[in-house]
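Trainee: Could you take me through one part of this model closely, namely its nonpolar interior, and then set that part against the chain as a whole?

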Amino acid sequence: MSTTQKKALPIGVEFFDKMIENDYYYVDKTLLIKDIIDKKGEVNLFTRPRRFGKSLNISMLQCFFDNLMIDKASIFDGLNISETGEAYLKHQNQYPVIKLGFKDVEASDFEGAMEMFAFELSTEFDRHRYLLNSDELDDEEKTLYRSILARKVEFSEYRNSLRFLSMCLKKHHAQKVIILIDEYDVPLEKAHFEGYYPEMVKFIRSFFSTALKTNKNLHFALLTGCLRVSRESIFTGLNNLNIVSITSDSFGEYFGFTGPEVEEMLDYYDLKNRANEMRDWYNGYLFGQTVVYNPWSSIKYLYDVIYGKKETPDAHWSNTSSNAIIRDLISISDNTVKEEIEGLMVGGTITKPIIEDIVYADIKKNMDNLWSFLFFTGYLKKISKMQIGVENHLELGIPNKEILYIYNRHIREWFDERVKATDLTPMYKAILNGDTKTFQYELTEMLQNTISYFDSKEEFYHGFLAAVTSTMAGYTTKSNRESGNGRGDIFIRPSSIRKPAVIIEVKVADVAKDLTKKCDEALKQIEEKKYDDELLREGYTDVIKYGIAFYRKDCEIKIYE
């Protein structure tokens, strides 16, 4: 495919004017503007997972409404919004706009976070610096404006700063103000993980309340975030708040790529043959009634195919989102939850009550909160909705192969950490002493306490066993080594040839009654393929050979006599 005359793919481009002016490929979401005008919500909160186009849409809204960006009016020519008529176009570049983005407001303590917040706010005050020359503002207001601009006010003063700026803009322009806030909940998420959540909640509550509640200078406000944080903790008394979450039926097509949009993109880049692979890896999210692709991963995938000549897809989203919550889920799982995770990973579903209003501090207090968090952050998708008793429940599943990969990776990392933290001395002694009874007991105990993904079959058990034996002091574990007439599964070599070496061959039984037969097959394979030839040539005289058969979370171990 020739790419010389094709539009460039917008990797990481979050500014709408840059997207259009530099002729990047743009999936047209400008009818979001029409829907916002039509629905007339005064304060709107859109929640979507990370990297689903929230920042780009905020930038688009600013370019359309902001009266300081009238020189950008032509960038909407030819886009869908330009065909909607005068009823909508009369709003273009007619309003003073305040735009804030909180995705970088993160620090290890509250003071550090507030300094970053002050920097973000002063940047927006600087964008409206012309207000210092306005005849509509008095000297006292200009003095406060200069102090906020120079970041020379107490942190407490910032609580009213957004309302203050909206008042100044309304005075100067004689027009009500639009407030756009991107990633409103990032400071809360960071505060939760760093331990200063109560202070941040108190500040954010005041900051939003003064600007969004009974603010006579406000035309409308639009906030984006990942979570719908509870009204009680943040949006106290904000009765005009219109929340559009991933369960809402409206606005579903504006965040993420729809099937027809992806088909059009694949056709444009002459990559229709990649449609099935792209759908399996990046599609599957259900926002309201709209099925969408992950836009970031879709674009990155196409970029890699076109410019990197990659033949296999990657989990791009895992490099952009905080996956710590999956580790939390795994680490606090009881046997029931482990079974639920295992079921999800082989294509099954779970049915859970979904809590729309979440408080970060309560995420780990019960499993329903954690499942809800995974759903709203994109790690689970809605399959169907049902009512159980008086509560609404959702049937949930894993959206696609990309998310399945993320689960798999974190389970492997968690298990490796568990192995390193566990005293495996009894198992290691049993392995070297030929004690199959103890070896089998210890290995079964570890299987019972881990999370399996049985679609991997022998691959899972092979990796499981390699991890378990990798920390034997004075020994090196190698897997799938070329030896003799084939490839053995596990080789455990001591640093001294006077100590016993170990060969393990792994088999998986389809039914429990075949465990013994599979052990015999494994031992027979070791002998027939002469897996011990290499060890014998190196001078090892004592080679212990094990055949291990697995069936779900049980195993049987036999030794070659």
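Mentor: What follows begins with the interior and then turns to the whole chain. This is a predicted model, in which local features need pLDDT of at least 70 and side-chain atom pairs count only at pLDDT 80 or more, while totals for chains, interfaces and linings use all residues. Residues are numbered from 1 along each chain as its sequence is written, and side-chain values use heavy atoms, with hydrogens and water left out.

A nonpolar core here is a set of buried Ala, Val, Leu, Ile, Met, Phe, Trp, Tyr and Cys residues joined through side-chain atoms within 4.5 Å, where buried means under 20% relative accessible area, with a 1.4 Å probe and protein chains only. The largest such core has 123 residues, and within it Phe208 and Leu443 touch the most other members. Helix H9, residues 197–212, gives the most to this core, with nine residues; helices are DSSP runs of H or I with at least four residues, strands are runs of E with at least two, and both are numbered from the N terminus. Once neighbours within four places in sequence are left aside, Phe208 is in contact with Phe102, Ile181, Tyr184, Lys213, Leu223, Ile234 and Phe235, contact meaning heavy atoms within 4.5 Å. Apart from the largest core lies another of 33 residues, including Val13, Met19, Met60 and Met69.

As for the whole chain, 55% of its 561 residues count as buried, and it has 21 helices and 18 strands. Of the contacts with a separation of 6 or more, 72% come from residues 24 or more positions apart. The C-alpha atoms fill a box of roughly 95 × 55 × 50 Å, taken along the principal axes.

How values were computed. Buried means under 20% relative accessible area, exposed over 50%, partly exposed in between (1.4 Å probe, protein chains only).
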